[in-house]
Amino acid sequence: MANTDYSKNELMNFIDQSPLNIEICDVTLRDGEQTPGVAFTRDEKIDLALELDSIGVEVIEAGFPVVSTSEKDIVKEISNLGLDANICCLARSVIDDVDAAIDCDVDIVSIFIAMSDLHLKFKYHKSCADVFSCAMGAIEHAKDHGLKVRFAAEDATRTNIETLKRAFLAAEDYHVDYVSIADTIGILSPATTHYLVSEVKKVVNTPICIHCHNDLGMATANTLVAAEAGAKQLHTTINGIGERAGNASLEELLVALRVQHGIETYDTTKLNSISRKLEKYSGLPTAVNKAVVGKHAFTHESGIHVMAILEEPRTYELFTPEMVGGKRNLVVGKHTGKKALKGIVNDLGYELDQDELCALISKVKNCTEVKKGLSKERLEEMIRNVRSH
Ligand SMILES: CC(=O)SCCNC(=O)CCNC(=O)[C@H](O)C(C)(C)COP(=O)(O)OP(=O)(O)OC[C@H]1O[C@@H](n2cnc3c(N)ncnc32)[C@H](O)[C@@H]1OP(=O)(O)O
Ligand SMILES: O=C(O)CCC(=O)C(=O)O
């Protein structure tokens, strides 16, 4: 067996799939910060930007400058940190918003407009032609000032597909650098993502971005599928935070790109530390069963799993904890088996004979703490107890 940090999905060999041509745009500092109750300080934003840059993320969306004067100052400061990543910020289709972006020295401004019937009728109270012309005016202004432009179609996934294609094509005439398909309310599935990106790609030569929300729990999967259908720029947030159910999660996507497509250009060993920082700065703990960075991502209790892991961790781990800066944790509880327990006991520096092991396993399975998980200290106490009999 190849000695790698992860198992590659060999089934990919049977799928007609060209190598991916992608970049990551992490939007934690903008969409992630739109999570209710989250407001990063200057130092926190700068720290996260430095961490994202060190992972190798190509684009960092640093904020939305018109939100406040301090937001604008921080975006400007991040733009001038000299990071390898390109710095991007959000702007409505409003000249003042673009001017704020210009003042911030960003590399890319993401100019957004919604063209879905729902948004036109209930949000703007304007026609599609009117909002579109505002967008093109803003784009022209940004281009005249030398900015790269992402034209983002908010609520693209509930926008008439012909309208969307026409809008992207017209934006190409203004030499936008990216067009973005925003699944603003997370309605896409993997199949419809593939269809939509492929349809847009048929008519547009500009690199396509995909911005997926997680309302149906499919944001990461949809983002991966979009890449497989030819999207270039993939939007993520750390721990998947963001509006409502959040966005595609950075850590899930980077590991999925590795396992499914062999993309090893990102430093995944930093994923656990950046996740812990994000928890601290946002005040939002991740679920224990969160993929890649959750507390249980490398925690094992079941006897059959642990006995195999003690010989070869890849039997029950898709990738090593080291690959993502995590740690393996073998715990004892109701589901522990004798072989697993023996291994754990030995690792703690004890030797038990078969009778002692049987006595210990019975104690473990029937003790009251089994519901919450046994501490190392309590287990050692039990070991000493069975040995003295
Ligand atoms: C899908 C997304 O994530 S979109 C980004 C969401 N992010 C935010 O809203 C960031 C936080 N927002 C804010 O701080 C404020 O809403 C601001 C600074 C952006 C605007 O504040 P205000 O000037 O007080 O406007 P308010 O929030 O009341 O209304 C938004 C205005 O922007 C307009 N608007 C919304 N989106 C766009 C757009 N893409 N292009 C042009 N105008 C837009 C609305 O129609 C409304 O215009 P109106 O004032 O003429 O009715
Ligand atoms: O597509 C983009 O770049 C951003 C749009 C966005 O934040 C959204 O619609 O949720």
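This report describes the strands, the ligand 2 surroundings and the two domains of one protein chain.

The structure is a predicted model, in which local features need pLDDT of at least 70, side-chain atom pairs count only at pLDDT 80 or more, and totals for chains, interfaces and linings use all residues. Residues are numbered from 1 along each chain as its sequence is written, while chains are lettered from A and ligands numbered from 1 in the order in which they are written.

Helices (H or I, at least four residues) and strands (E, at least two) are DSSP runs, numbered from the N terminus, and two strands pair if DSSP finds at least two bridges between them. Strand β1 (residues 23–26) has two partners, set out below.

| Pair | Direction | Bridges | Partner of Asp-26 |
|---|---|---|---|
| β1 and β8 (residues 233–236) | parallel | 4 bridges | Thr-236 |
| β1 and β2 (residues 59–63) | parallel | 2 bridges | Ile-60 |

From β1 the chain passes through helix α1 (residues 42–55) to β2 in a right-handed β-α-β crossover, a term that applies if, with the strands pointing away from the viewer, the path from the first strand over the helix to the second runs clockwise.

Around ligand 2, where a residue counts as near if its C-beta atom, placed from the backbone, lies within 6 Å, the shell includes Asp-31, Arg-150 and His-211. Strand β5 gives the largest share, 3 residues.

By an automatic or database domain assignment, the chain is divided into domain 1 (17–282) and domain 2 (299–387), whose centres, taken over C-alpha atoms, are separated by 44 Å.
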